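Thank you all for coming; I would like to take a few minutes to walk through one model with you. Please have the sequence and the structure open as we go.

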Amino acid sequence: MLPPLTCAHSALKDSLTIQCQSLPGAPRLHCQTPCPGPLRPQAGRGMPNRRAPARSLPAIASEPSVDSVAAEPSSLPAMPHIVVFSGGTAFNSVAGHFKQLTHNVTHVLPVTDDGGSTAEVVRVLGGPAVGDIRSRCLRLAEEGDAESEAVRQLLGHRLSSTDPEAARQEWYRIVEGEHPLWQDLTEPYKHTIRAFLVHFQANILRHASRRFNFQSGSVGNFFFAGARIFFRSLEAAIFLFSRVARIPEGTETLPALPSEGALRLGAELADGSWVIGQSAISHPAAAGAEALSVDKACAAPLPAAIRRAFYLSSDGDGAEHEVAPDANPRTLAALGRAQAMIYGMGSLYTSLVPHLVLRGVGETIAAARCPKILMLNGAVDRETGQCLRRPGAMAASDVLLALTDALNRRGGRRDPGLDHPPSAYCTAVLAPRGGGVEVDADALAALGVRVVRSVSAEWSAEAGAAHYDPDALVAAVRDLLA
């Protein structure tokens, strides 16, 4: 059950000031905004414990093996700390199940999404993209009672995808507190959430020259944007959401980049050409589609294999606009105390690589002595359909080499890079049984990765991919940590 909240504007500021001011670049709060309503939880529901004590783990076995893993119990140190790199879609299906293993999970999410509702928020209000973070936070939110479910339903709601005017009118009913989505929320929670939706709407109105398109709009994205603008910190907005949605203490969601600005993602192809924008790389909209639409199932091949992914400033598309950002310091701190690191399934170059090319990530992962686990996708997709090193689609060893190139920051124009071998970054590979990515165990062993495990999965004819059985996947990770 969600905790009761006490109402006071000072309570809102007090409960987030420490967290806000501890975040890189976050200013002191000088709030002139009307009272956003209640927030402070009662005693016993304070700041989450973000730092779990480090434990030493035995090294992963070095013998080559291809094992089959089912959902069976095994011994494990209590509540290990795990860092997960992933995007906002594929790993969502299993994220909540890791509560069976530990609550001490740091989820690191990219902030370069430039499609759909997220793109519209960035176009009008600027700032980092919040769609992937909102999606993960909703998956981690507490379940079990009517009010918890009401919070999830409200912040997970999308406006009409077919009628812009209907979307606008529905948004007005929500922001005015008259929509049926509010009916199962108590007044303190309603006032708290609605205050930041109102703040978002106020900022939209301040940008009168940029008419906002509410079509397919995500209420959760609007909440995050309103809170980010209010606190001038995305991480403070994430903390606020974690309190409202009762994400378990010890579980945290971090943006890959600490900046409050917007950077774009680019990809250099084998033929030397560039593709600019996450959506254009991974899932461009179909010809003639609405401006805010994306095609998550896009299988149209790229003109050539991807050589690398990189960041661009918002000032232009030329080589002079390539930048080499530093990683979020909180991500590096989490990696420093991690007992396991996971490269989650998802789009290789738009979900994983954006984390790995950041300065400091490769150095920190290479120095860590803990399991480093690569989870393969259940199918080949647009980004892995062509291999840079040989004809055909990428196999498991090609995926590992791509991750290694990213962590070593090879090919970047703004950074000398590193020279660590694949075995410094990965110690084990998990693959869904029946998946479409070739598991070339001998090639992986030649790269120094000798633990390869097949995990129970279910084939989805609709998606054309094998989906991990969540319990079996958690069991496989548990065994690698034991």
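**Helices, rings and a buried arginine**

Let me begin with helix 9, residues 234-244, which is mostly covered, since 11 of its 11 residues are buried. Please keep in mind throughout that this is a predicted model. The buried residues of helix 9 include Leu234, Ile238, Leu240 and Val244, but also Glu235, Ser242 and Arg243. At the N-terminal end of this helix, serine 233 acts as a cap, with a side-chain oxygen 3.4 Å from the backbone nitrogen of glutamate 235. On the other side, helix 9 is followed by arginine 246, whose phi is positive, near 60 degrees.

Turning to helix 8, residues 219-231, we can check its length: at 1.5 Å a residue, its 13 residues should span 18 Å, and the end C-alpha atoms are indeed 18 Å apart, which agrees. Is helix 8 enclosed or open to the outside? Because 12 of its 13 residues are buried, helix 8 is largely enclosed by the rest of the structure. Among those buried residues are Phe222, Phe223, Phe224, Phe230 and Phe231, together with Asn221 and Arg228.

Between helix 8 and helix 9 there is a loop, and arginine 232 is found in it. Most residues other than glycine have a negative phi. Arginine 232, although it is not a glycine, has a positive phi of about 55 degrees, and with a relative accessible area of 44% it is partly exposed. Arginine 409 also has a positive phi of about 55 degrees without being a glycine, and its place is the loop between helix 14 (396-407) and strand 11 (428-432). At 9% relative accessibility, however, arginine 409 counts as buried.

Next, the aromatic side chains, where the count comes to 18 aromatic pairs. In one of them, phenylalanine 91 and phenylalanine 98 have ring centres 5.7 Å apart and planes at 35 degrees, so this pair is tilted; both of these phenylalanines are buried. For phenylalanine 214 and phenylalanine 222, the centres are 5.9 Å apart and the planes stand at 85 degrees, so that pair is edge-to-face, and again both residues are buried. Beyond these pairs, one aromatic cluster is formed by Phe196, Phe223, Phe224, Phe230, Phe231 and Phe241.

Let me also show you how two helices pack. Helix 3, residues 116-125, and helix 7, residues 187-206, meet at an angle of about 55 degrees, with their axes 10 Å apart, and that makes helix 3 oblique to helix 7. Helix 3 contributes Val121, Val124 and Leu125 to the contact, while helix 7 contributes Phe200, Asn203 and Ile204.

Finally, I would like to look at arginine 308, which sits in strand 7, residues 306-312. Which side chains make polar contacts with the side chain of arginine 308? One is glutamate 268, through a polar contact of 2.6 Å, and another is glutamate 322, through a polar contact of 3.0 Å. Arginine 308 has a relative accessible area of 7%, and because buried means under 20%, this residue is classed as buried. Leaving aside neighbours within four places in sequence, arginine 308 is in contact with residues that include Trp274, Tyr349, Arg410 and Arg413, as well as Glu268 and Glu322.

Terms used: Residues are numbered from 1 along each chain as its sequence is written. This is a predicted model: local features need pLDDT of at least 70, side-chain atom pairs count only at pLDDT 80 or more; totals for chains, interfaces and linings use all residues. Side-chain values use heavy atoms; hydrogens and water are left out. Buried means under 20% relative accessible area, exposed over 50%, partly exposed in between (1.4 Å probe, protein chains only). Helices (H or I, at least four residues) and strands (E, at least two) are DSSP runs, numbered from the N terminus. A polar contact is a pair of N or O atoms within 3.5 Å; within protein, one must be able to donate a hydrogen and the other to accept it, and residues adjacent in sequence count only if both atoms are side-chain atoms. Rings of Phe, Tyr and Trp (its six-membered ring) pair if their centres lie within 6.5 Å; planes under 30 degrees apart count as stacked, over 60 as edge-to-face and the rest as tilted. Contact means heavy atoms within 4.5 Å. The expected span of a helix is 1.5 Å times one less than its number of residues. Axes are lines fitted to C-alpha atoms, for helices over the stretch in contact, and angles run from 0 to 180 degrees between N-to-C directions. Angles under 35 degrees count as roughly parallel, over 145 as roughly antiparallel, 65 to 115 as roughly perpendicular and the rest as oblique.
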